[in-house]
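Please examine the model shown below. The report after it concerns confidence, the nonpolar core and one arginine.

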Amino acid sequence: MSEKNSEGIEIKIGLNVKRIRKEQGLTQKELASRLSSIEQTVSKIERGVFTPSAETIMQLCEALNVTPNELMLENPEWQKWQSERLEHQDHSINGLADQISLVQGMFAKADIARDAGDEDKEKAYLDDIIQMYAWQNKDIRAIAEWLDHRYLDQYMVKMQGEIRKTMIKNPEDEK
């Protein structure tokens with residue numbers, strides 16, 4: 001937390017509680033109910049005239065489904081912390097959006113190459129996508145097994161269709 005700021009922790013907590021409560025569409029009365037408290041206590045916390053105990057802070061965190069950091073950081077500090085937290089998670093929204101954009105861009109290039117009749121370029125883009133996901137032998141094996149099963153399934157469907165057509169054309173063969 002910034003030492004330059006003379007604002008007390010109770011003010012920071014109060015502003016954040018109010019912001020988060022409103023973002024979640026809660027009234028002070030509804031938050032008080034979640035805390036097993038009264039509306040005036042929530043009002044005092046939000047105005048910064050009441051310094052919540054550590055236990056109350058944890059209750060607020062649970063009631064609002066947030067971390068203590070989200071309650072105690074100033075808004076610019078909180079935004080920076082949120083941004084850094086999302087960027088460094090392996091499975092973040094930002095990471096997913098980047099992955100989708102990258103892969104769909106490669107599929108689009110493969111589609112353009114296919115439409116232009118350039119099979120080699122199309123295959124190169126598709127190979128790049130496969131390499132993004134299948135970089136270990138177990139991944140390549142899973143793809144190979146999936147392709148084999150798909151081939152066998154398609155073969156069986158065609159074979160069953162041919163048998164059925166033959167039976168329809170020659171119903172006396174069934175007797």
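The text below treats these topics in turn.

This is a predicted model, in which local features need pLDDT of at least 70 and side-chain atom pairs count only at pLDDT 80 or more, whereas totals for chains, interfaces and linings use all residues. Residues are numbered from 1 along each chain as its sequence is written, and side-chain values use heavy atoms, with hydrogens and water left out.

The protein chain has an average pLDDT (the predictor's confidence in each residue, from 0 to 100) of 82, and 82% of its residues score at least 70. Helices are DSSP runs (H or I, at least four residues) numbered from the N terminus. The two extremes of confidence are tabulated here.

| Helix | Residues | Mean pLDDT |
|---|---|---|
| H6 (lowest) | 75–87 | 57 |
| H2 (highest) | 28–35 | 92 |

The largest nonpolar core (buried Ala, Val, Leu, Ile, Met, Phe, Trp, Tyr and Cys residues joined through side-chain atoms within 4.5 Å) has 16 residues. Buried denotes under 20% relative accessible area, with a 1.4 Å probe and protein chains only. Helices H1 (9–23), H2, H3 (39–47) and H4 (54–64) each give two or more residues to this core; the largest share, five residues, comes from H4. Among the residues with the most contacts inside the core are Leu 31, Leu 64 and Val 66. Outside its neighbours within four places in sequence, Val 66 is in contact (heavy atoms within 4.5 Å) with Ile 20, Cys 61 and Leu 71.

Arg 21 belongs to helix H1. Arg 21 is buried, its relative accessible area being 7%. With neighbours within four places in sequence left aside, Arg 21 contacts Leu 26, Thr 27, Gln 28, Leu 31, Glu 46 and Leu 64.

How values were computed
Buried means under 20% relative accessible area, exposed over 50%, partly exposed in between (1.4 Å probe, protein chains only).
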